[in-house]
Amino acid sequence: MDRASGDWPWSASLSVAPRETAQVVGEALRAVMLAAPGDSPDGTDINALADGSRARIHLEALLRLWREQRAAMPADIATLHTFLACEADDVLQKVALIAPPHDPARSQLEQSVINLLAQQHVVCGQDDPDFIRLVGERCAPAAAVDTLLGHIQRGLLSPSATTIRPDDSFAVLTVRDSLGECEAAVTIIQRWLRQDDMLAPADIAVIVPNDGAHAAQLRSLADDAGLLLQGLPASASARNIGAETVYLFLCCQRDPVPQMARASLLASPILPWPADLGRRMARRVMQGRGYWAAGLDVDTKGTELVRLLTSPGASTNKQLCGRLNALRKLLGSSDSRTERDIGEAKSHISLLLNSLSNADMDAAPNWESILKMASSYRLERAPRGSLYPNAISVLHASEMPRRRFSKMIVTGFNEGAYPVPSPRNPIFLDSELNAIEKLCGLTMPTRRGRLDKGLARFARQLGAVRDEVVMLCAERDGYGKALLPASSLALIARLVDGVKDPEDFLASLGAGKALVWEQLIDWVEPVERKMVVRVDPPFNYELGRNLLHLRINEEGKPRPQSPSRLEKLLVSPLAWALGELDAEHVGWAPEALDVRLRGTLAHGVFERLFKAGEPICDPGEVAGLVPTLFDECVSLDAPFMAGTAWAMEREAIIGDIVRSAQSWATTLRNWGATVVANEFWLEGEIMGHPVHGMADSLLQLGNGLPVIVDHKKSSSGKRRRRMEAGCDLQVELYRQMRVKITLSENEEPGPASTVLAEAGGKVGVAYNMMNDAGVLVNGIDGHGSTGVEVFDTEISHRAMKELERRFEALRLGQLHTNASGDEKHFDKVTALGTYAFDDSPLIRAFMRNDSAPSAFAMENEDD
């Protein structure tokens with residue numbers, strides 16, 4: 001269709017969605033070819049349709065497309081046309097034709113084939129024994145007429161059918177979800193086989209929806225129950241892991257790379273590293289770590305793939321093709337578990353490379369088109385499983401039964417199935433198809449025709465059962481959302497005496513031991529369970545080792561603690577320990593503008609706006625400088641925010657940063673301060689253990705006093721209360737540390753090291769609270785001003801005292817547990833952040849039921 005010339009009614013759609021439009025038009029053209037009287041569009045007269053009508057415009061366009069694309073005729077249709085051209089002399093052997101002479105579901109082409117066979121071969125009449133056996137009996141209702149099942153088989157599609165009393169031959173049962181359906185199906189089959197020695201497994205059939213979920217669950221449960229199934233799909237997986245991996249790889253070749261796409265790709269089972277290594281790298285990505293493969297044992301192929309995934313995105317089609325070819329070579333080793341998925345990946349890569357072959361290799365990739373093509377993969381229908389001589393038959397909901405059964409279970413009897421709703425025809429309305437059939441003689445499927453065909457198939461499925469049918473309906477889907485029964489329930493319920501509302505015919509398992517359930521399953525008396533009293537965790541766990549050595553370096557020495565880790569230790573030793581063991585919960589969620597990212601962006605702007613060694617900018621110039629600096633930070637730390645969808649959020653953050661920066665510039669000018677360094681490392685030792693941390697900024701006031709500054713993207717209230725309570729820890733640790741030396745012995749120390757050394761231990765500390773422009777300082781006398789609060793008292797004495805207690809316990813191998821009253825106590829008394837309690841569900845699970853706090857007792861309660 002892409003090569004066809006001229007204007008088409010669907011040209012606008014083709015330019016927007018070429019792949020989808022081509023598929024829709026192709027299906028419509030196929031329907032026309034099947035309905036046309038010959039092998040050419042020339043035999044169809046459309047003059048009877050009104051000029052300018054929508055039906056005529058579209059049908060004329062399809063016929064013209066057929067003329068221009070004769071070579072594109074589907075192979076199966078071309079084969080049938082070749083067959084229709086055969087003469088009687090071409091017949092090699094006469095055969096007996098067993099088929100109804102006329103079937104409204106057949107297309108014109110299919111009916112022409114039947115007519116030709118009838119002319120050239122022997123036709124079995126409806127009274128022929130073979131016709132009766134192969135056609136007549138299969139179409140006739142199998143159940144006795146005086147049973148509810150037999151009555152439904154005969155009256156399901158009859159508008160004048162009467163009612164009949166209910167009996168045991170037909171039931172519609174409801175359970176919670178699809179897993180419950182399959183559990184009920186297996187249980188019912190087991191009872192059937194136990195109750196009737198004459199019933200063979202081959203006399204039972206189970207119908208499953210085409211979605212694959214029921215098939216997977218039924219397979220597992222039947223295996224556990226020792227039931228042999230035949231015809232079940234060999235693979236019930238709904239994922240095409242190979243094509244999915246290629247799609248994720250392409251997402252990682254387009255900047256900015258979504259972190260979930262990168263993490264999902266690294267965890268793919270067909271990449272050249274073990275599954276546990278892939279999960280570790282994926283976890284690091286979701287934790288926000290920069291180089292997620294550092295220190296991991298990755299082989300040569302893995303190293304090359306890591307290089308591909310850490311390089312900038314593909315900027316040209318040539319580069320993208322090269323990387324796709326590289327991925328094809330770097331896929332993992334094929335074995336019985338991954339062979340099919342690796343084959344799917346290579347096939348998908350070939351498809352994408354073929355689509356890119358005509359593109360300008362030096363041009364930038366058309367990512368929208370490429371990703372749309374890569375994402376439109378479909379998993380081929382899984383092959384049917386093995387057939388056995390005496391096994392339970394599994395049929396798809398779209399299949400006609402090939403023989404009769406004694407009993408049948410139908411699963412997935414919910415809205416959207418039995419029958420499947422017919423989708424809307426994007427080319428023709430039903431009224432237009434009816435007009436085309438009446439005026440042009442082309443009979444094409446309508447939505448009503450498809451629905452009737454689906455109902456007829458459902459009736460045939462029920463009609464193949466002699467004794468009993470059980471329909472199983474789920475009340476909720478996998479997400480807990482309520483589901484409705486299939487629409488055909490109304491057709492069934494109207495045939496049952498005494499049923500006024502279709503839902504009255506449903507028997508729910510959750511409603512108790514209803515009579516119908518009593519007759520179908522064996523109830524197991526519930527095991528008497530004794531109430532288990534929760535054992536309250538102890539005050540501390542004795543672990544028998546120095547817990548400060550959980551993280552050690554290559555030399556066997558403990559790794560340094562950071563101020564943020566030590567603050568977490570004050571709040572919850574268990575949360576701290578999980579962090580030390582890298583066992584914290586890592587959520588999988590798309591990038592979001594959370595508190596942490598807001599702080600990162602604001603810090604980045606301040607670092608660029610207040611540069612070390614440069615004069616403090618004029619507050620009046622800040623508003624003009626911040627937007628450009630903010631865009632630099634977004635491109636580095638939050639590239640997903642560069643899109644238009646985030647414009648409102650960007651403007652709001654820029655406004656907040658401008659107000660905060662203007663206030664900070666004013667404060668620095670009032671102090672006569674200069675910026676000595678930004679983002680510099682400090683190191684030292686606290687209570688015999690190494691510590692380090694990165695300070696945001698180092699100032700030197702006009703009187704020479706150095707001030708270590710920590711910018712906080714929050715308000716002053718809680719931090720003020722923390723400092724007043726003597727529970728602040730972070731900048732006090734910075735005050736006791738020295739600048740971390742990373743230079744060689746031949747180089748001069750940096751300005752931060754020099755300024756702090758000359759201060760002789762007298763250092764001020766300050767918090768710049770960005771949200772309300774407050775500045776909280778300690779150790780700086782005589783520098784109070786508007787917006788600046790000076791704290792003359794100790795701001796960390798209680799925190800340091802509690803930290804000493806924690807260190808002592810950890811060295812003894814004691815891991816203290818939290819008390820149930822800690823969260824409120826810490827917030828009220830110390831104003832410490834209690835985010836650590838949300839690090840893992842384990843934190844609250846191991847809380848003691850104790851109102852007394854585990855730490856930071858009131859001042860008069862301290863030792």
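P419 sits in the loop between β7 (405–410) and α17 (430–440), and the peptide bond leading into it from Y418 is cis, with omega near 0°. This is a predicted model, so take that cis bond as part of a prediction. Y418 has a second quirk: a positive phi of about 50°, although it is not a glycine. The rest of this briefing looks at the backbone oddities, the overall build, the cores and a few individual residues.

**Backbone oddities**

- Y418 is found in the loop between β7 and α17, and with a relative accessibility of 4% it counts as buried.
- Where is the other cis bond described here? It joins D255 and P256, with omega at about -5°.
- P256 belongs to the loop between α10 (241–251) and α11 (259–266).
- A831 also has a positive phi, about 60° this time, and is not a glycine either.
- You'll find A831 in the loop between α30 and α31 (841–845).
- Is A831 buried or exposed? Its relative accessible area is 0%, under the 20% cut-off, so A831 is buried.

**Overall build**

- The protein has 31 helices and 18 strands.
- A compact globule of 863 residues would come out with a radius of gyration near 29 Å, but this protein has 38 Å.
- Along its principal axes, the C-alpha trace spans about 115 × 75 × 50 Å.
- Buried residues account for 45% of the 863 in the protein.
- Take the contacts with a sequence separation of 6 or more: 74% of them come from residues 24 or more positions apart.
- The accessible surface adds up to about 44300 Å², and carbon and sulfur atoms own 52% of that.
- On the charge side there are 93 positive and 114 negative charges, and their mean positions are 2 Å apart.

**The largest nonpolar core**

- How many residues make up the largest nonpolar core? It has 53, and the ones touching the most other members are L566, F680, L682, L698, L729 and L803.
- The elements giving two or more residues to this core are the helices α21 (563–571), α22 (573–580), α27 (730–736), α28 (751–759) and α29 (797–811), along with the strands β11 (674–686), β12 (689–700) and β15 (764–769).
- Leaving out residues up to four places away in sequence, L729 touches P563, L566, E567 and L570, plus A799, M800 and L803.
- Apart from this core lies another one of 48 residues, including L266, L305, L309 and C321.

**Helix α21 up close**

- Which residues of α21 are buried? They are P563, L566, E567, L569, L570 and V571.
- Those buried residues pack against α22, β12, α26 (716–724), α27, α29 and α30 (822–830).
- Two of the names recur: L566 is among the core residues that touch the most other members, and E567 is one of the residues that L729 touches.

**Three residues worth a click**

- L547 is in the loop between β10 (540–542) and α21, and it is buried, with a relative accessible area of 3%.
- What does L547 touch, beyond residues up to four places away in sequence? Its partners are W576, L810, G813, Q814 and L815.
- For a sense of scale, L547 and T786 are 239 residues apart in sequence and 46 Å apart in space, C-alpha to C-alpha.
- L484 lies in the loop between β8 (465–474) and α19 (489–493), and at 47% relative accessibility it counts as partly exposed.
- Not counting residues up to four places away in sequence, L484 touches N414 and E415.
- L484 and G416 are 68 residues apart in sequence, yet their C-alpha atoms are 9.1 Å apart in space.
- K301 is part of helix α13 (residues 300–310) and is partly exposed, at 31% relative accessibility.
- With neighbours within four places in sequence left aside, K301 is in contact with P272, K329, L330 and L331.
- One of those partners, L331, is 30 residues from K301 in sequence and 8.3 Å away in space, C-alpha to C-alpha.

Definitions and conventions
Residues are numbered from 1 along each chain as its sequence is written. This is a predicted model: local features need pLDDT of at least 70, side-chain atom pairs count only at pLDDT 80 or more; totals for chains, interfaces and linings use all residues. Side-chain values use heavy atoms; hydrogens and water are left out. A nonpolar core is a set of buried Ala, Val, Leu, Ile, Met, Phe, Trp, Tyr and Cys residues joined through side-chain atoms within 4.5 Å. Buried means under 20% relative accessible area, exposed over 50%, partly exposed in between (1.4 Å probe, protein chains only). Helices (H or I, at least four residues) and strands (E, at least two) are DSSP runs, numbered from the N terminus. Contact means heavy atoms within 4.5 Å. The radius of gyration is taken over C-alpha atoms; the globule rule is 2.2 Å times the number of residues to the power 0.38. Accessible areas come from the Shrake-Rupley method with a 1.4 Å probe; for residues, only the protein chains shown count as cover. Lys and Arg count as positive and Asp and Glu as negative; His and the chain ends are not counted. The place of a charge is taken as NZ of Lys, CZ of Arg, CG of Asp or CD of Glu.
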